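Colleague: Please take me through how the features of this model are read, giving the general idea and then the case at hand.

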Amino acid sequence: MVSKYLEALIAEFSKIPGMGQKSAARAAFYILKQKDSDVKRFASALIDIKEKIRECSVCGGISDADICSICSDHSRDSSVICVVEDEKDILTIEKTRIFRGVYHVLKGVISPLDGIGPDDLRINELYDKCKTGKVREIILATNPTLEGDATSLYLTHKLKEMNIRVMRISRGLPVGGELDFADTATIARSFDERIEVF
Amino acid sequence: MILREILLKNFRNYENQKIIFSDSVNIITGNNGSGKTNIIEAISILSGSKSFRNSKDKDIIKWGNDSYFCKAVIEEGSNSVFESGCISNGQSCEKKRKIDGMLLSASDFFGKILTVIFSPEDILIIDSSPENRRKYFDGVISKFDDLYLKSLMQYKKILKYRNYILKSGKDENKIKKELSVWNDTFSEKAVYITNKRSEFIKSFNNEFSEIYDLFSFNHNNSYFIYKSDNLALTKNEFLLKIEKSIRRDLNSFSTSIGPHKDDFILNSFGDRIFSEFASQGQKRIASVSMKFAEKEITEKLRGQKAVILVDDVFSELDKVRKEKFVEMTAFTNQSIFTIADTRNIEFFDLEKKIINIDKGLVL
Ligand SMILES: Nc1ncnc2c1ncn2[C@@H]1O[C@H](COP(=O)(O)OP(=O)(O)OP(=O)(O)O)[C@@H](O)[C@H]1O
Ligand SMILES: [Mg+2]
Ligand SMILES: [Zn+2]
């Protein structure tokens, strides 16, 4: 071992999804060659996302304040809610610039083998929003997997009982594919082609 | 389709062996334990099923190695390369499948090489548990119906979820709520599978009855009865039924209704249950006839010729049936026979390629 500090940084980098030993080493050497000030900025960016980023108290997405920039943007239509599995799906859909409503993050998807049932997701929070009578339309954008579809179907039944228009996007997405991997054009198209459930 | 060649690397007792086939009759000969069946097994894996011997991948890897690889060149219009390999880390195996270099999922790889395998174990389809029969018929339907295979896999996944929830030990209301998420999709798949099976068994019987009579030199009036408690139900009727069976499911910690409980029962002479009276030889003939029915149906629906693989079965038939068997395969399809007793070669009175095997090597 040449340096235990270097070793430690490589070990941290290699925990990042998609980062193997080789790219972790490359990244660590890159940091080593940077100016002091650049590295300090990088380090504080790391600490900031952990210390300063919070969960938006309305949608459950990531936010710098109590309420995120999307939920507090009055030009957006808060009567249309797009329901997604996790926080990063919001970023994926925002890139398309086609959706002008707001979001609701479920924080996962129903997955029995992982012990996740309806009660373990942010479903009651969604019902609460719907009960205010201010919600016109729900767009379900869970991934088109068996679990994503079942979660959407479950929500559809409940939301229909509340007389809310429910739409599902997924048609344009590759079967078994996930939002994360779909390109911007595909997602934009699937918003255009959203279909009413039942 | 024609199987041009296969390559085996660290597969059973083969270290690195290429085998080239002729497009008509191929006869693999060699002593007991020389590696004849291993070749058929490799082709069955390349055609996407599990090993037809039901072996685990780790048992297929040549002793002392940690991976196997096999490859086939198939001609159907143009040439395609099929590859299947597996790396073991001691406990589990990672399996990869490719067609023309493209990595595919198990279901996308399944059945693309159309084969019909005759093996001594076929008799178990008639003689053993309903599970074996479901597996067999599901496999046949999946060879020409991708949607069926997909629905079946989804059904099995949801079944696993349901049973997992039922065994979770959570309180009853919570279990009911979690099951309700899946009931709808479960019903949809269940009804689809039941209808497909019931439709399929009719056309299967048409072929089977005729071939069985031909092979047994008798009029048997034999056919399979698809036994299911959910015949001709609509999705909503099934849904109602599964909701009503909740008490039973909770008590038994498992799902009590659905196509995973179905059976296919062979009847002869009207209403006699075949497995209850048939001799060993009659069962052999019936199982051979099933495979011929499979051949006819899959070839018709795929619009392709199957590669016929015959492991040992041939030697178990009597003289007239051997002749009939050759007549029904050798002239119409590419075929690969394994034969330990070389005296049987005389039944192949036509052009043939003899492949002689000894201890995992082609001589
Ligand atoms: N994982 C393995 N590694 C090495 N050798 C193996 C492995 N599995 C099986 N074998 C060997 O392969 C041989 C069996 O091959 P196979 O079943 O193809 O024989 P066969 O020629 O069909 O014989 P028979 O005429 O009895 O049916 C045996 O010699 C066995 O020891
Ligand atoms: Mg053998
Ligand atoms: Zn928000």
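Colleague: Which atom of ligand 1 lies 2.8 Å from a backbone N or O atom of B:N38?

Modeller: A polar contact is a pair of N or O atoms within 3.5 Å; within protein, one must be able to donate a hydrogen and the other to accept it, and residues adjacent in sequence count only if both atoms are side-chain atoms. Here the partner of the B:N38 backbone atom is an oxygen atom of ligand 1. The side chain of B:T37 has an N or O atom 2.6 Å from an oxygen atom of ligand 1, and a backbone N or O atom of B:D59 is 3.0 Å from a nitrogen atom of the ligand. The model is predicted, so local features need pLDDT of at least 70 and side-chain atom pairs count only at pLDDT 80 or more, while totals for chains, interfaces and linings use all residues. Residues are numbered from 1 along each chain as its sequence is written, chains are lettered from A and ligands numbered from 1 in the order written, and side-chain values use heavy atoms, with hydrogens and water left out.

Colleague: Which residues come nearest to ligand 1?

Modeller: A residue is near a molecule or strand if one of its heavy atoms lies within 4 Å of it. Ligand 1 has 17 residues around it, and B:N32, B:G33, B:K36, B:T37 and B:N38 come nearest.

Colleague: Which residues are the protein donors of the zinc ion (ligand 3)?

Modeller: Donors are N, O and S atoms within 2.8 Å of the metal (3.2 Å for Na, K and Ca); water is not among the atoms, so sites may look incomplete. For ligand 3 they are the SG atoms of A:C56, A:C59, A:C68 and A:C71, at 2.2 to 2.4 Å. Along the chain these donors follow the spacing C-x2-C-x8-C-x2-C. A:C59 sits in the loop between strand 1 (54–55) and strand 2 (62–63) of chain A, and A:C71, 12 residues away, in the loop between strand 2 and strand 3 (77–84). Helices (H or I, at least four residues) and strands (E, at least two) are DSSP runs, numbered from the N terminus.

Colleague: What is the geometry of the site of the zinc ion (ligand 3)?

Modeller: Four donors count as tetrahedral if all angles lie between 85 and 135 degrees. The four donor atoms of ligand 3 make angles of 104 to 113°, and the site is tetrahedral.

Colleague: Is A:C59 buried or exposed?

Modeller: Buried means under 20% relative accessible area, exposed over 50%, partly exposed in between (1.4 Å probe, protein chains only). A:C59 counts as buried because its relative accessibility is 2%. Two residues have a positive phi without being glycine: A:R97, at about 60°, and B:N221, at about 50°. A:R97 is exposed at 73%, whereas B:N221 is partly exposed at 38%.

Colleague: How many residues does the largest nonpolar core have?

Modeller: In soluble globular proteins, nonpolar side chains tend to be buried together. A nonpolar core is a set of buried Ala, Val, Leu, Ile, Met, Phe, Trp, Tyr and Cys residues joined through side-chain atoms within 4.5 Å. The largest one has 121 residues, and A:I138, B:I6, B:I39, B:F204 and B:F325 have the most contacts inside it. Helix 7 (residues 172–216) of chain B gives the most to this core, 15 residues. Apart from it lies another core of 16 residues, including the zinc donor A:C56.

Colleague: Which residues does B:L3 touch?

Modeller: Contact means heavy atoms within 4.5 Å. Leaving out residues up to four places away in sequence, B:L3 touches B:F21, B:I43, B:A72, B:V73, B:I74, B:V307, B:Q334 and B:I336. B:L3 lies in strand 1 (residues 2–11) of chain B and is buried, at 2%.

Key. Tetrahedral: all angles 85-135°; square planar, octahedral: opposite > 155°, others 65-115°.
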